[in-house]
Amino acid sequence: MRISSPFLRSGLTVAAAALPVTLAAGPASAGPGISVSTTGTTVSVTTTACAQLNGSWGTASLLTGSQGDFAQGRQVALSGTSSGQSAGWTGISPGTYTVIVLCSNNSTAGSQTVIVSAAPTPSPSRPASPSSSASPRGVMGGLGGAVEDYGTATLVAGGALVGAGVIAATWFLRRRAKPYRF
C-alpha cells in the first residue's frame, strides 16, 4: 500500500478545482455604461446604453475639475445607431476631465474620469552614420511580452504546462528521496 503526501494531493485538488473556473471565465465583458478614450487632444466616448427617443440618442458632457454639473460642461449630441452611440471633443488642453453621458430619456448611461496628456514634443534625431548597420530605432529593450494581449486559450494552456511541470518535478524529487529497495 502506497501513501501519497498530503502536499501532492492538495496541489492536485487545487489544480483540478481551478481549471473549470479558468476555462469558464472567458474574456471580461463590460455591461451597459460608457467607454472613454483619448488620442492626443481628442476625447471620445462610446456607449450602447441609450435608446433613440424623438430622433435623439442623448448628450455627452465634458467637465473640467472645477465644474460639477452636467450643464456646465462642453456638451455634444450623441450620434450612432442602436448598436452603439458616440461623441467626441477636439482641441482639449491637458488635464483631468469627467465625461458624463445622459440618454434622451434623462437616464445617466455613466460617467468616467479621463486624463488628457500633453502632446509629446519631438526630439531632434541624429542621422545614422553611413557605415553603421544598426537600426535607427535602437534595440527597444525591456518591452518583452508586455506588448501583446494574450487570449484565454493561451493563458490556460500556459497554466496547464506550468502545472504539469510542477507535478513532474514533485514526482521526480519524491522518487529520488526514496531509499533503494531490493
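This is a short tour of one chain, stop by stop, with something to select at each stop.

**Start with the whole chain**

Keep in mind that you are looking at a predicted model. Show the chain as a cartoon and colour it from the N terminus onwards. You should find two helices and eight strands, in the order α-β-β-β-β-β-β-β-β-α. Switch to a surface view next: about 13,300 Å² is exposed, and carbon and sulfur atoms supply 60% of that area. Of the 182 residues, 18% count as buried. Contacts reach a long way along the sequence, too: among those between residues at least 6 apart, 54% join residues at least 24 apart.

**Select the nonpolar core**

Hide the surface and show Val 43, Val 45, Trp 89, Val 99 and Val 101 as sticks. These are the residues with the most contacts inside the largest nonpolar core, which has 19 residues. Strands S1 (34–39), S2, S3, S6 (84–89), S7 and S8 each give two or more residues to this core. Which strand gives the largest share? Colour S7 to see the answer, since S7 supplies four residues.

Now centre on Val 43 and show what surrounds this residue. Leaving aside neighbours within four places in sequence, Val 43 is in contact with a long list of residues, including Val 36, Leu 62, Ala 87, Trp 89, Ile 92, Val 99, Val 114 and Val 116. Ser 37, Thr 38 and Gly 88 are also among the contacts of Val 43.

**Follow S7 to its partners**

Select S3 (58–64) together with S7 (95–103). The two strands run antiparallel and are joined by seven bridges. To pick out one place along this pairing, click on Leu 63, which stands opposite Thr 98 in S7. Then add S8 (108–116): S7 and S8 pair in the antiparallel sense over eight bridges.

Stay on S7 and select Leu 102, which lies in this strand. The bridge partner of Leu 102 in S8 is Thr 108. Is Leu 102 buried, exposed or partly exposed? Leu 102 counts as partly exposed because its relative accessibility is 22%. Beyond the neighbours within four places in sequence, Leu 102 is in contact with Gly 58, Thr 59, Phe 70, Ser 107 and Thr 108. For a distance to try in your viewer, pick the C-alpha atoms of Leu 102 and Ala 49: they are separated by 9.8 Å, with their positions 53 residues apart along the chain.

**Visit two asparagines in loops**

Move to the hairpin of S7 and S8, which has four residues between the strands. Select Asn 106 there: this residue has a positive phi of about 65° although it is not a glycine. Asn 106 is exposed, with a relative accessible area of 63%.

Next, jump to the loop between S2 (42–47) and S3 (58–64), where you will find Asn 54. Asn 54 also takes a positive phi, about 55°, without being a glycine. At 79% relative accessibility, Asn 54 counts as exposed.

**Finish on the surface of H2**

Bring the surface back and select Trp 171, Phe 172 and Leu 173. Together they make a nonpolar surface patch of about 360 Å². Leu 173 sits in helix H2, which covers residues 152–177. Is Leu 173 buried or exposed? Leu 173 counts as exposed because its relative accessibility is 54%.

Methods
Residues are numbered from 1 along each chain as its sequence is written. This is a predicted model: local features need pLDDT of at least 70, side-chain atom pairs count only at pLDDT 80 or more; totals for chains, interfaces and linings use all residues. Side-chain values use heavy atoms; hydrogens and water are left out. Patches are made of residues with over 30% relative accessible area and no salt bridge: like charges are joined within 9 Å, nonpolar side chains (Val, Leu, Ile, Met, Phe, Trp, Tyr) within 5 Å. Accessible areas come from the Shrake-Rupley method with a 1.4 Å probe; for residues, only the protein chains shown count as cover. A salt bridge is a side-chain nitrogen of Lys or Arg within 4 Å of a carboxyl oxygen of Asp or Glu. Buried means under 20% relative accessible area, exposed over 50%, partly exposed in between (1.4 Å probe, protein chains only). Contact means heavy atoms within 4.5 Å. A nonpolar core is a set of buried Ala, Val, Leu, Ile, Met, Phe, Trp, Tyr and Cys residues joined through side-chain atoms within 4.5 Å. Two strands pair if DSSP finds at least two bridges between them.
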